Amino acid sequence: MDNFNEGSEMSSGKRYPAVFSTLNVGQIKLHNRIVFPACQVNYANTDGTVSDKLLDFYTAIADGGCGMIFTGTAVVSSDSVAFDRVMRIDSDHCIPGLKKLFYEIEKRGSVPAVQLIHYGRQAVNAVTGFDLLAPSAIPCPVMSEFDPNYHVREMTINDIGRVRSDFIEAAIRAVDAGAKMVEVHAAHGYLLNEFLSPYSNYRTDAYGGSTGRRARLITEIIEGIRTRLGSRVAISVRVSGNEFVDGGLTPPDFKEIILLFERAGMDMLNVSAGVYESMERIVPPVTLGDAPHVNIASELKEFATVPVCAVGSIFSLETAESIISSGKADLVAMGRAQVADPEIVRKSASGRETAIRKCAWCNECTFWTTGDPQMYCSVNPALKRENGGESNEKIT
Ligand SMILES: Cc1cc2nc3c(=O)[nH]c(=O)nc-3n(C[C@H](O)[C@H](O)[C@H](O)COP(=O)(O)O)c2cc1C
């Protein structure tokens with residue numbers, strides 16, 4: 001297997017020079033600009049540790065030439081384990097499996113990264129077994145429909161301190177296990193997004209009200225990670241640049257937010273869109289067309305000095321090349337395209353575009369809408385229903 005050495009097909013950069021130009025993010029050097037965004041797949045063992053199936057899933061993408069892989073999402077708090085077989089990073093029992101996972105990704109020339117999550121109000125009590133936590137006791141209109149016992153509680157200052165510490169301790173575990181980047185998940189309506197947004201944060205104390213106060217928990221987490229880990233880790237923050245809900249965040253709001261995040265120590269901004277009430281923005285369907293959110297990333301890039309990653313229905317390196325070379329973003333995340341064909345980067349780099357197994361854009365991978373227990377793909381034979389399922393022997 002070619003690695004990213006001088007002269008290999010991956011480093012020639014002839015076909016897609018912008019995509020294959022190197023980039024420094026914090027202390028990390030990326031060999032190309034294609035990222036695998038965090039995708040919760042529910043392939044972990046039941047205790048949240050890394051299974052063989054999870055390892056196979058990510059190593060295939062690393063073998064395929066992706067520049068950086070966000071594993072996870074990984075749960076930072078034991079009161080927010082919102083799915084069976086979701087990856088966890090809330091205790092040291094997760095470290096051995098993560099060590100193997102990050103080692104195998106790095107060995108293949110890709111940068112191992114992990115996304116850190118607390119689900120906040122976007123979960124159900126029936127699964128977590130705990131009160132759902134949120135900045136304000138406002139039920140999630142989507143999740144509250146699913147659970148008659150749905151109950152969300154406004155976080156106390158003690159709760160906030162504990163969750164802040166959970167994120168920081170999780171980042172330390174990630175780095176101990178070999179991750180080079182951690183991503184603070186402040187997008188898609190989960191807990192940190194709920195704090196950031198006037199749509200879901202009605203607090204009147206130090207964590208609500210002005211933009212700085214709504215951003216405070218996130219900036220404290222970034223500062224805490226930086227203080228404890230120094231330059232051993234690069235920090236990405238994922239945001240929904242437009243929540244697509246009335247009264248929610250829109251691009252101009254990020255002028256101040258990005259400044260605050262950068263001052264706190266953010267190294268990269270990962271720009272997605274949507275919350276559960278605007279679910280179609282999180283994993284955009286065919287009806288929204290190609291790359292519907294690139295302009296949101298480019299608007300936020302105007303406010304940023306750190307590299308910015310764009311995402312959303314970007315299915316070819318040709319599109320990625322045009323986004324990066326036109327300066328709309330510095331990196332491009334391709335999720336479903338790499339789920340459908342983990343070799344898309346390598347195949348494109350060597351001019352074998354016709355051999356790429358294309359994403360069908362059917363969104364059957366969105367297991368939370370299909371009712372499946374885990375992610376399946378309708379075109380990747382390794383991830384089809386008949387080769388997956390809860391009894392899959394590869395889950396150990
Ligand atoms: C099965 C699946 C799981 C996802 N899980 C996460 C997640 O855990 N965290 C996250 O930030 N985004 C998650 N996403 C969103 C993706 O990271 C990505 O932003 C989205 O799929 C759009 O990119 P794409 O068009 O390249 O697939 C998920 C998407 C899919 C399809």
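**Close-up views of a predicted model**

**Figure 1. Salt bridges in the predicted model.** The structure shown is a predicted model, and its salt bridges number 22, counting a side-chain nitrogen of Lys or Arg within 4 Å of a carboxyl oxygen of Asp or Glu. Side chains of opposite charge can pair when their charged atoms come close.

**Figure 2. The salt bridge between Glu353 and Arg15.** In this pair, the closest N and O atoms of Glu353 and Arg15 are 2.8 Å apart. Arg15 belongs to the segment before β1 (23-25), while Glu353 is found in the loop between α12 (344-349) and α13 (367-370), so the salt bridge ties together parts that are 338 residues apart in sequence.

**Figure 3. The surroundings of the ligand.** The ligand occupies the largest cavity. Around the ligand there are 21 residues, of which Ala38, Arg238, Ser313, Gly335 and Arg336 come nearest. By type, the shell consists of eleven nonpolar, eight polar and two charged residues.

**Figure 4. Polar contacts of the ligand with His185, Arg238 and Ser313.** Which part of Ser313 lies 2.6 Å from an oxygen atom of the ligand: backbone or side chain? The contact is made by a polar backbone atom of Ser313. For Arg238, by contrast, a polar side-chain atom is placed 2.7 Å from an oxygen atom of the ligand. His185 also contributes its side chain, with an N or O atom 3.1 Å from a ligand oxygen atom. The ligand taken alone exposes 610 Å², and the protein buries 97% of that area.

Technical notes
Residues are numbered from 1 along each chain as its sequence is written. This is a predicted model: local features need pLDDT of at least 70, side-chain atom pairs count only at pLDDT 80 or more; totals for chains, interfaces and linings use all residues. Side-chain values use heavy atoms; hydrogens and water are left out. A residue is near a molecule or strand if one of its heavy atoms lies within 4 Å of it. A polar contact is a pair of N or O atoms within 3.5 Å; within protein, one must be able to donate a hydrogen and the other to accept it, and residues adjacent in sequence count only if both atoms are side-chain atoms. Accessible areas come from the Shrake-Rupley method with a 1.4 Å probe; for residues, only the protein chains shown count as cover. On a 1 Å grid over the protein atoms alone, a cavity is a set of points where a 1.4 Å probe fits but cannot get out, and a pocket is an open set with protein on both sides within 12 Å along at least five of seven lines; lining residues have an atom within 4 Å of a point. A molecule sits in a cavity or pocket if more than half of its atoms lie within 2 Å of its grid points. Ala, Val, Leu, Ile, Met, Phe, Trp, Tyr, Cys and Pro count as nonpolar, Asp, Glu, Lys and Arg as charged, and the others, Gly among them, as polar. Helices (H or I, at least four residues) and strands (E, at least two) are DSSP runs, numbered from the N terminus.
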